[in-house]
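Work through the exercises below with the structure open. Each one gives a task and then a solution in steps.

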Amino acid sequence: MTILSSAHDCLQAGEACTNDPSCSSKFRTLRQCIAGNGANKLGPGAKSQCRNTLTTLLSSQLYGCKCKRGMKKEKHCLSVYWSIHHTLMEGQCAPRPPWRVLMVGGNRGYRTSGGSENEVTQVNRCLDAAKACNVDALCQRLRTEYVSSCIRRGPRADPCNRSKCHKALRKFFDRVPPEYTHELLFCPCVDTACAERRRQTIVPTCSYEAKEKPNCLAPLDACRGNYVCRSRYAEFQVNCQPSGLLSGTGCQKENYAACLLAYTGIIGSTITPNYIDNSTANIAPWCTCNASGNRQEECERFLHLFVDNLCLQNAIQAFGNGTYLSAATSPSTSPTTQMRKQERNTDKVAATHQENILEQLEPTKVGQGLGAVGATMGPTHRIALVAQWLECCTAGHFY
């Protein structure tokens with residue numbers, strides 16, 4: 001099989017694999033291995049067969065391929081990516097975003113110097129954001145499209161067609177530049193009228209709320225079963241992962257812009273978050289962890305990524321005062337009770353371990369921005385990765 005050293009499109013990698021009889025056969029076997037109880041269907045020696053198959057494919061054009069958020073045939077691309085990128089970490093499969101690395105930043109359309117508090121109170125940034133969107137043809141068209149989809153009544157007694165609403169929201173946040181979407185979603189407010197306008201941005205009666213709050217595990221499991229949602233959530237986990245008290249930003253990645261972009265990526269999914277009221281800037285998905293049974297910890301970890309996420313909170317605050325594009329912006333307040341609470345909710349040791357393993361699993365190393373140097377995974381490392389993957393498969397922990 002052909003070995004490619006640089007990150008490339010998973011659609012191209014999948015097509016190349018299909019045209020290679022050896023790769024195609026092994027890829028079909030791999031998909032059977034990860035499909036429910038697929039390994040059992042392979043008969044005796046299935047575990048060994050799955051191990052050998054994955055070992056081979058880790059040296060193929062499939063390993064290291066990437067997708068582009070919002071690309072054409074995105075689901076197909078992601079299906080190829082996730083077929084081979086199920087890896088185990090700390091008893092769970094590590095979230096590893098499938099997106100090509102894009103430079104997040106640039107000053108186009110953004111306020112990059114912090115304004116005073118008086119400046120913020122004198123203008124309604126949320127109203128200004130809506131006006132700016134209406135002036136831009138793309139923003140105005142796609143915003144009108146999702147609002148129309150989200151307020152249109154669905155069949156029977158449904159207040160709306162949530163599926164169409166979510167699809168239109170994803171299209172809006174994928175195609176409209178952040179200079180418009182971020183201003184609409186993260187504009188700072190000092191009164192309830194402004195905060196309510198901000199909360200209404202995603203038409204929450206259709207995209208977010210329901211008659212009753214489900215247990216968070218239900219939308220989370222649904223997200224894990226969808227290639228697009230799984231990928232967006234993995235990106236959010238990595239780019240909005242909170243860090244300890246000593247961090248200047250509260251984010252492991254020290255990148256507010258990447259966190260905000262990842263947050264907008266999960267809007268229009270089963271785990272869509274939003275502002276919970278018009279009196280605070282608190283954010284949460286529409287769910288609860290009541291009656292989680294033996295998955296209580298898992299449920300609370302998910303909920304804390306929104307409710308107690310200092311990284312996300314600081315990123316939104318920094319956007320409001322115009323400093324979020326700084327690589328290492330210090331929080332405007334000293335460590336507080338809330339920050340110490342965040343520290344308790346974050347397993348710093350596990351997170352550091354995750355970062356180390358993710359770095360080790362990179363199929364290529366990029367130096368000085370000059371491009372891929374080549375594959376670095378040795379046979380021993382590859383075998384260890386396969387053993388972890390099989391344990392994950394057996395335990396049913398696929399992300």
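Are Cys 289 and Cys 299 buried or exposed? In this predicted model, Cys 289 is buried, and Cys 299 is buried as well.

**Exercise 1. Describe the link formed by Cys 289 and Cys 299, and say what it connects.**

Step 1. The sulfur atoms of Cys 289 and Cys 299 are 2.1 Å apart, and the two residues form a disulfide. The cut-off for a disulfide is a sulfur pair within 2.5 Å.

Step 2. The torsion about the S-S bond of Cys 289 and Cys 299 is -100 degrees, which is left-handed.

Step 3. Cys 289 sits in the loop between β4 and α16, and Cys 299 sits in helix α16, so the disulfide ties together parts that are 10 residues apart in sequence.

**Exercise 2. Characterise the disulfides Cys 17 to Cys 23 and Cys 150 to Cys 165.**

Step 1. The structure holds 13 disulfides. In the pair Cys 17 and Cys 23, the S to S distance is 2.0 Å; in the pair Cys 150 and Cys 165, the sulfur atoms are 1.9 Å apart.

Step 2. The link of Cys 17 and Cys 23 is left-handed, with -105 degrees about the S-S bond. The link of Cys 150 and Cys 165 is right-handed, with 90 degrees.

Step 3. Cys 150 belongs to helix α8 (residues 137-151) and Cys 165 to helix α9 (residues 162-175), so this pair links distant parts of the chain, 15 residues apart.

Step 4. For burial, the cut-off is under 20% relative accessible area. Cys 17 has 1% and is therefore buried; Cys 23 has 0% and is therefore buried. Cys 150 and Cys 165 are buried too.

**Exercise 3. Trace the salt bridges of Arg 224, starting from Asp 221.**

Step 1. Side chains of opposite charge can pair when their charged atoms come close. The cut-off used for a salt bridge is 4 Å between nitrogen and oxygen.

Step 2. Asp 221 forms a salt bridge with Arg 224, and their closest N and O atoms are 3.8 Å apart. Both residues lie in helix α13 (residues 217-224), three residues apart, about one turn of the helix.

Step 3. Glu 298 also forms a salt bridge with Arg 224, with the closest N and O atoms 2.5 Å apart. This pair links distant parts of the chain: Glu 298 is in helix α16 and Arg 224 in helix α13, 74 residues apart.

Step 4. Through shared partners, salt bridges join Asp 221, Arg 224, Arg 295 and Glu 298 into one network.

Step 5. Asp 221 has 34% relative accessibility, so Asp 221 counts as partly exposed. Arg 224, at 18%, counts as buried, and Glu 298, at 17%, counts as buried.

**Exercise 4. Which residue forms a salt bridge with Glu 196, and where do the two residues lie?**

Step 1. The structure holds 11 salt bridges. One of them joins Glu 196 to Arg 199, with the closest N and O atoms 3.0 Å apart.

Step 2. Both residues lie in helix α11 (residues 192-199), three residues apart, about one turn of the helix.

Step 3. Glu 196 is partly exposed at 22% relative accessibility, whereas Arg 199 is buried at 13%.

**Exercise 5. Locate Glu 254 and Ala 291, and state the phi and exposure of each residue.**

Step 1. Glu 254 has a phi near 55 degrees, a positive value in a residue other than glycine. Ala 291 is not a glycine either, and has a positive phi of about 55 degrees.

Step 2. Glu 254 lies in the loop between α14 (227-239) and α15 (256-265). Ala 291 lies in the loop between β4 (283-285) and α16 (296-307).

Step 3. Glu 254 is partly exposed, with a relative accessible area of 28%. Ala 291 is exposed, with 80%.

**Exercise 6. Describe the nonpolar cores and the burial of helix α5.**

Step 1. The largest nonpolar core has 54 residues; among those with the most contacts inside it are Leu 169, Phe 172 and Tyr 263. Helix α17 (residues 310-320) gives the most to this core, with six residues.

Step 2. A second, separate core of 23 residues includes Phe 27, Leu 62, Cys 77 and Tyr 81.

Step 3. Cys 77 and Tyr 81 are among the buried residues of α5. Nine of the 11 residues of α5 (residues 74-84) are buried, so this helix is largely enclosed by the rest of the structure.

Conventions. Residues numbered from 1 in each chain as written. Predicted model: local features only at pLDDT ≥ 70, side-chain atom pairs only at ≥ 80, totals over all residues. Heavy atoms only, no water. Core = buried A, V, L, I, M, F, W, Y, C linked by side-chain atoms within 4.5 Å. Buried < 20%, exposed > 50% of the residue type's maximum accessible area, 1.4 Å probe, protein only. Helix = DSSP H or I, 4+ residues; strand = E, 2+ residues; numbered from the N terminus. Salt bridge = Lys/Arg side-chain N within 4 Å of Asp/Glu carboxyl O.
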